[in-house]
Structures are given as C-alpha cells and as structure tokens.
Amino acid sequence: MSSLKCEGKLDFLSVEHKQKLTTHFCKSGTKVMPHELAIKLGTTRPEALAIITVLGTEGLSKNQLLIYHQCDPEVIADAIPFGIGFPDLPWFCPLCEEIVEDYSELSFDVMAIANDPIEFI
Ligand SMILES: [Zn+2]
C-alpha cells in the first residue's frame, strides 16, 4: 500500500473524495480515466486529470496517452507513455492500416494504471 498526501497537491479533495479514491485504488493495477474519475467523485474533468497527473509524477501510477483514430473513435488504436508529448507524424494506425498525417484525425485520452494500492490521505 502506497500513500499519497494530498495536502498542497490536490487541495480541492474533500475527506469524502479521499475515501472514495482510496476505495477505488484498493488494488494494484487499477485503471482509471479522467471522465470516469470525474463521475465517480463528482469533480470536474480537469480536477480528475490533475489527480491522475499527480499520481504519475509521484510515481504511484503509470500513465498512458491513449490514441484514437477517426476510423473507429471508440477503440483505442495505440498508447504511449503520458508526458512525452503527442505521437510523431506520420503515424500508422494499426486499426485501419492507414498513414495519418494530421492530428485532426486523432483524439486522445489519458489512463492511469496504479502500481500499488493507494491510500489518499
Ligand atoms: Zn485508423
């Protein structure tokens, strides 16, 4: 069990938020995306993204940038480590096997994968 001291980093979290987060992250390998976390906690999506970013910078989760192509916007086409920027163009889509030359064809999301169970304090 790892612990994350939220004070000074995620000051918008209430005691109830921290309890919900601790319950959610009770297993190693827990995956979460910002929109799911925002719904679960009743926070805004930017606040949920802030939680995920802090988990990554504190070494508590591996964060991935998920890449979606317009050929199937519901399916994750690829994932790269979050924080190194966007994929290089031209980018090869493994779903439709087309070469993508424009970021406008792509959309992105973030996923955190917890390394250990996390207690939010
Ligand atoms: Zn594609």
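This briefing describes the fold of one chain, its sheet and one of its helices.

The model is predicted. The chain holds three helices and eight strands, and 20% of its 121 residues count as buried. A sheet of four strands and helix α3, which packs on that sheet, are the main topics below.

**Overall layout**

- Read from the N terminus, the elements follow the order β-α-β-α-α-β-β-β-β-β-β.
- The C-alpha trace of the chain spans about 45 × 25 × 25 Å along its principal axes.
- Taking contacts between residues at least 6 apart in sequence, 60% of them join residues at least 24 apart.

**The four-stranded sheet**

- The sheet is open, its strands are ordered β2-β7-β3-β4, and the pairing is antiparallel.
- Strands β2 (residues 31-32) and β4 (residues 78-81) each have a single partner strand and stand at the edges, so one side of each has no neighbour in the sheet.
- Strands of a sheet pair through backbone hydrogen bonds, in either a parallel or an antiparallel way.
- Between β2 and β7 (residues 106-114) the pairing is antiparallel and runs over two bridges.
- In this pair of strands, Val-32 lies opposite Ala-112 of β7.

**Helix α3 against the sheet**

- Helix α3 covers residues 45-57 and packs on the sheet, where it touches β3 (residues 61-69) and β7.
- The direction of α3 makes about 55 degrees with the direction of β7.
- With 13 residues, α3 reaches 18 Å from its first C-alpha to its last, close to the 18 Å expected at 1.5 Å a residue.
- After α3 comes Gly-59, which has a positive phi near 75 degrees.

**The two sides of α3**

- Ala-48, Ile-51 and Leu-55 are the buried residues of α3.
- Viewed down the axis of α3, these buried residues fall within an arc of 55 degrees, so they line one face of the helix.
- The cover over the buried residues of α3 includes helix α2 (residues 34-41) as well as strands β3 and β7.
- Pro-46 and Thr-57 are exposed, and they sit on the face of α3 that is turned away from its buried side.

Technical notes:
Residues are numbered from 1 along each chain as its sequence is written. This is a predicted model: local features need pLDDT of at least 70, side-chain atom pairs count only at pLDDT 80 or more; totals for chains, interfaces and linings use all residues. Two strands pair if DSSP finds at least two bridges between them. Two residues are in contact if their C-beta atoms, placed from the backbone, lie within 7 Å. Axes are lines fitted to C-alpha atoms, for helices over the stretch in contact, and angles run from 0 to 180 degrees between N-to-C directions. The expected span of a helix is 1.5 Å times one less than its number of residues. A residue is buried if 20 or more other C-beta atoms lie within 10 Å of its own, exposed if 12 or fewer, and partly exposed in between; C-beta atoms are placed from the backbone. The arc is that of the directions from the helix axis to the C-beta atoms.
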